[in-house]
Amino acid sequence: MGKVISIANQKGGVGKTTTAINLAASLAVLEKKVLIIDADPQANTTSGLNFLPDQDQDRTLYEVLYGSLDIQDALIQTEIATLHMIPANINLVGIETEKIEEDGKEFLLRNALSTIQDNYDYIIIDCSPSLGLITVNALTASDSVIIPVQPEFFALEGLGKLSQTIRIIQSELNPNLTIEGFLVTMFDGRTKLHNQVLEDLREHFGELVFNTIIQRNIRLSEAPSHGKPIILYDIISNGTSNYMNFASEVINKNQQ
């Protein structure tokens, strides 16, 4: 059965979508069968994998959660043979109000995934920064959470709030949910602040901080505008080597 991993952080601008896209693509290149789910109404993962959010509007995560489309029919083939995607668009916002009174509303995604989970090694969910019903669904459906962290002054403060959210999900909806780890993104080793935040993270969270660090990289920033993961946009960039190393670390961690 495929492992379901949410990429989450309630703080925006930390490289969450970049991590979701490039982790999924790197896992696929490493011969894993991967599904990436865009669970953010902003649909940046969707456009970042060369699928426009306003195309084929009736085959998105919204229809799956609403119950009008079987999840199998929402799957889209990406440029990488072993990587599928379920896209999103702005309609996904409607789930927050349309399902709010429904019993079992927190388990919509888990129930849908149960029919296809065996077809994949990894299912990566790109979560919205806000803690709404969609993000609750993602965390309830997940085995673990990867938390991207930008090395800034308020990084640890934001992580405390997210950790509290995860504890609530664990106690009320998904007792098996674990923190896969914290991934430092947009790192510039030349700055004293970045090195200090990295040191603080490792002091507070120990082995939960991944060894791999995602360095600040201009090619990594350019890739989404071309609708490609970094490995297809610039295979020799630092961004590619960083995310390939990260994918290998995730695989090795789950084989222990």
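How much space lies in the second largest cavity? The volume comes to about 50 Å³. The notes below concern a predicted model, and they take up this cavity again after the sheet and the helices.

1. The sheet. Eight strands make up an open sheet of mixed pairing, in the order β3-β4-β2-β5-β1-β6-β7-β8. Its edges are β3 (76-77) and β8, each of which pairs on one side only. At the β8 edge, β7 and β8 run parallel and are joined by 3 bridges. Within this region Phe-187 stands opposite Gln-215 of β8.

2. Strand β5 and its neighbours. β5 runs parallel to β1, with 5 bridges between them, and also parallel to β2 (residues 34-39), with 6 bridges. On the β1 side, Ser-6 has Ile-125 of β5 as its bridge partner. On the β2 side, Asp-38 stands opposite Asp-126 of β5.

3. Burial of β5. The strand is mostly covered, with 6 of its 6 residues buried. Tyr-122, Ile-124 and Asp-126 point one way, while Ile-123, Ile-125 and Cys-127 point the other way, and all are buried. Asp-126, besides standing opposite Asp-38, is touched by Thr-17.

4. Helix α11 over the sheet. α11 (238-255) lies across β1 (3-7), β5 (122-127), β6 (144-149), β7 and β8. Relative to β8, α11 runs at about 165°. Both α11 and β8 also supply at least two residues each to the lining of the second largest pocket.

5. Packing of α7 and α8. The axes of α7 (residues 155-172) and α8 (residues 192-205) come within 10 Å and cross at roughly 35°. From α7, the contact is made by Ala-155, Leu-156 and Leu-159; from α8, by Val-197, Asp-200, Leu-201, His-204 and Phe-205. By class, these residues divide into 6 nonpolar, 1 polar and 1 charged.

6. Helix α6. Because 9 of the 9 residues of α6 are buried, this helix is largely enclosed by the rest of the structure. The buried residues are Leu-133, Ile-134, Thr-135, Val-136, Asn-137, Ala-138, Leu-139, Thr-140 and Ala-141. Two of these names, Thr-135 and Leu-139, recur in the lining of the largest cavity.

7. The largest cavity. The count of cavities of 30 Å³ or more comes to 4, and the largest has a volume of about 60 Å³. Its lining consists of Ala-8, Asn-9, Gln-10, Cys-127, Ser-128, Pro-129, Ser-130, Leu-131, Thr-135, Leu-139, Leu-162 and Thr-165. The elements giving two or more residues to this lining are α6 (133-141) and α7. The lining has 6 nonpolar and 6 polar residues, and no charged ones. Cys-127 of this lining is also among the buried residues of β5.

8. The second largest cavity. Thr-17, Thr-18, Ile-21, Asn-22, Leu-220, Ala-223, Pro-224, Lys-228, Pro-229 and Ile-230 line this space. Helix α1 contributes the largest share, 4 residues. By class the lining divides into 6 nonpolar, 3 polar and 1 charged.

9. Thr-17. This residue lies in helix α1 and belongs to the lining of the second largest cavity. Thr-17 counts as buried because its relative accessibility is 16%, the cut-off being under 20%. Leaving aside residues up to four places away in sequence, Thr-17 touches Asn-44, Thr-45 and Asp-126.

10. The largest pocket. This pocket holds about 380 Å³ of space. It is lined by 22 residues, of which Val-14, Gly-15, Lys-16, Thr-18 and Met-186 are the closest to its centre. Two or more lining residues come from each of α1 (16-29), β7 (178-187), β8 (209-215) and α9 (218-222). The greatest contribution, 4 residues, is that of α1. The lining comprises 8 nonpolar, 11 polar and 3 charged residues. Thr-18 is named both here and in the lining of the second largest cavity.

11. The second largest pocket. The volume is about 210 Å³. Glu-207, Val-209, Phe-210, Asn-211, Glu-249, Asn-252, Lys-253 and Gln-256 form the lining, which divides into 2 nonpolar, 3 polar and 3 charged residues. β8 thus appears at an edge of the sheet, in the lining of the largest pocket and in that of the second largest pocket.

Note on methods
Residues are numbered from 1 along each chain as its sequence is written. This is a predicted model: local features need pLDDT of at least 70, side-chain atom pairs count only at pLDDT 80 or more; totals for chains, interfaces and linings use all residues. Side-chain values use heavy atoms; hydrogens and water are left out. Axes are lines fitted to C-alpha atoms, for helices over the stretch in contact, and angles run from 0 to 180 degrees between N-to-C directions. Contact means heavy atoms within 4.5 Å. Ala, Val, Leu, Ile, Met, Phe, Trp, Tyr, Cys and Pro count as nonpolar, Asp, Glu, Lys and Arg as charged, and the others, Gly among them, as polar. On a 1 Å grid over the protein atoms alone, a cavity is a set of points where a 1.4 Å probe fits but cannot get out, and a pocket is an open set with protein on both sides within 12 Å along at least five of seven lines; lining residues have an atom within 4 Å of a point. Grid points are joined across faces, edges and corners, and a volume is the space filled by probe spheres set on the points. Two strands pair if DSSP finds at least two bridges between them. Buried means under 20% relative accessible area, exposed over 50%, partly exposed in between (1.4 Å probe, protein chains only).
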